[in-house]
Amino acid sequence: MASLLSMNLLKANASPMSHHHNQFLHGGATTSSRFSKSNLLPPATFTFGIRMSLREDGPSIAIVGASGAVGQEFLSVLSDRSFPYRSIRMLASERSAGKHITFEDKDYVIEKLSEDSLKDIDIALFSAGGSISKKFGPIAVENGAIVVDNSSAFRMDDEIPLVIPEVNPEAMKHIKLKFGKGALIANPNCSTIICLMAATPLHRLAKVLRMVVSTYQAASGAGAAAMEELEQQTREVLEGKQPTCKIFKQQYAFNLFSHNAPVLSNGYNEEEMKLVKETRKIWNDMNVKVTATCIRVPVMRAHAESVNLQFEKPLDEDTARDILKNAPGVVVVDDRTSNHFPTPLDVSNKDDVAVGRIRRDASQDGNYGLDIFVCGDQIRKGAALNAIQIAEMLL
């Protein structure tokens, strides 16, 4: 039987707005026909919708990590948004080399990543891990490519912009395409992107002094193998078997635990400190106080975050709700009467970040604090979509 992960990765016949209007895959009452089992291909083969964005005047593109979950989502987003390209090169490790990808009605063979494979590339989209980015990212830049890197390798480098297009597009205004000069742009951590999509519009009006974030992070944040392990563990536990624990060293199904990133000497783990440091860099505010607790929950795809905000200027909940309703890339789901608020299932495979539970912080006097609850697709806006939006700003 085809895995849930395979169905998540296959994006056959997707329309540009499909991720806004199609039923979510996991747990929905219905499943989009493009995910029906008759459409599934063998695990080594991937297919994507036919939109034919091939154009002679488009940039040449390289996907580094093409066989991974985010690499596959890069391709899906490129197709969904009709991103123009004159050529596209699929690159990955030796293990994935030789596998086939059908993208926009054309067959591609995944090539082994090498220095030579990064020549004559205008835009290189990297999602293959920090060590690969550190080694091959500068090589691509030397060859004249603009690299959009999804790893943490360059995020805190003062010379490299860390960009969320809806939040700080000005950070990359000096980078232009087709000037023969390469450059590197970092994609923020998924939790940071999802959080700041909602917090930034409020920050612009009332200035955030302190932000407390608790995350509920899906398996997708740990990659395709973690998603498959969650699915496998769920079956094993329901069948009374001992769960397989290879990616995570403890049971994930029907459980939750502190994020699996290494714990630092200050007691925070690396994931939590990414939220702290990246927020300060993106907001260009080294004085904003940020604290985070990151938790891994048994959700297949899409992260949730509880965010408490303390402001310099008063901001009431009705004004905040209106601001968020008009914020790009944000949708408000805040129905108190029916107790309907954002869920990971609602945002899975969708572009927008959903915000709800918008309420005054009762622990603070006046309107100087708000609580909000945010959900966003970790693979989509938290990774691939944000990177493609960065690339779009280069066109």
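## Lys207 and its partner Asp285

Lys207 is partly exposed in this predicted model, because its relative accessibility of 29% falls between the 20% that limits buried residues and the 50% above which a residue counts as exposed. Its salt-bridge partner is Asp285, and the closest N and O atoms of the two residues are 3.1 Å apart. This pair links distant parts of the chain, since Asp285 sits in the loop between α7 (270-282) and β12 (289-296), while Lys207 sits in the loop between α5 (190-206) and β10 (208-217), 78 residues apart. Asp285, in contrast to the partly exposed Lys207, is buried, with a relative accessible area of 10%.

## A bridge between two strands

Side chains of opposite charge can pair when their charged atoms come close. One such pair is Glu111 with Arg89, which form a salt bridge whose closest N and O atoms are 3.8 Å apart. Glu111 belongs to strand β6 (residues 111-112) and Arg89 to strand β3 (residues 87-92), so the bridge ties together parts of the chain that are 22 residues apart in sequence. Glu111 counts as partly exposed, at 34% relative accessibility, and Arg89 also counts as partly exposed, at 25%.

## A bridge within helix α7

Where do Glu271 and Lys274 lie, and about how far along the helix are they separated? Both lie in helix α7, and because they are 3 residues apart there, about one helical turn separates them. They form a salt bridge in which the closest N and O atoms are 3.9 Å apart. Glu271 is buried, with a relative accessible area of 6%, whereas Lys274, at 23% relative accessibility, counts as partly exposed.

Salt bridges that share partners also join Glu73, Asp80, Arg301, Asp351, Asp377 and Arg380 into one network. Across the whole structure, a search finds 20 salt bridges.

## How α5 packs against α7

Two packed helices are described by the angle between their axes and the distance between the axes. For α5 and α7 the angle is about 50° and the axes are 9 Å apart, which means that α5 is oblique to α7. The crossing of α5 past α7 is right-handed.

Which residues of α5 and α7 meet? From α5 come Cys190, Ser191, Thr192, Cys195 and Leu196, and from α7 come Glu271, Lys274, Leu275, Glu278, Thr279 and Ile282. By class, the residues of this contact divide into 5 nonpolar, 3 polar and 3 charged. Glu271 and Lys274, which form the salt bridge described above, are therefore among the α7 residues that meet α5.

## How α3 packs against α10

Helix α3 (residues 69-80) and helix α10 (residues 380-394) have axes that come within 9 Å and cross at roughly 55°, and the two helices are therefore oblique to each other. As α3 passes α10, the crossing is right-handed.

On the α3 side the contact is made by Val70, Glu73, Phe74, Ser76, Val77, Leu78 and Asp80, and on the α10 side by Arg380, Ala383, Ala384, Leu385, Ala387 and Ile388. Sorted by class, the contact of α3 with α10 has 9 nonpolar, 1 polar and 3 charged residues. Glu73, Asp80 and Arg380, which take part in this contact, are also members of the salt-bridge network.

How values were computed
Residues numbered from 1 in each chain as written. Predicted model: local features only at pLDDT ≥ 70, side-chain atom pairs only at ≥ 80, totals over all residues. Heavy atoms only, no water. Salt bridge = Lys/Arg side-chain N within 4 Å of Asp/Glu carboxyl O. Helix = DSSP H or I, 4+ residues; strand = E, 2+ residues; numbered from the N terminus. Buried < 20%, exposed > 50% of the residue type's maximum accessible area, 1.4 Å probe, protein only. Axes fitted to C-alpha atoms, helices over the stretch in contact; angles between N-to-C directions. Parallel < 35°, antiparallel > 145°, perpendicular 65-115°, else oblique. Left-handed = near helix turned anticlockwise from the far one by under 90°. Contact = heavy atoms within 4.5 Å. Nonpolar A, V, L, I, M, F, W, Y, C, P; charged D, E, K, R; others polar.
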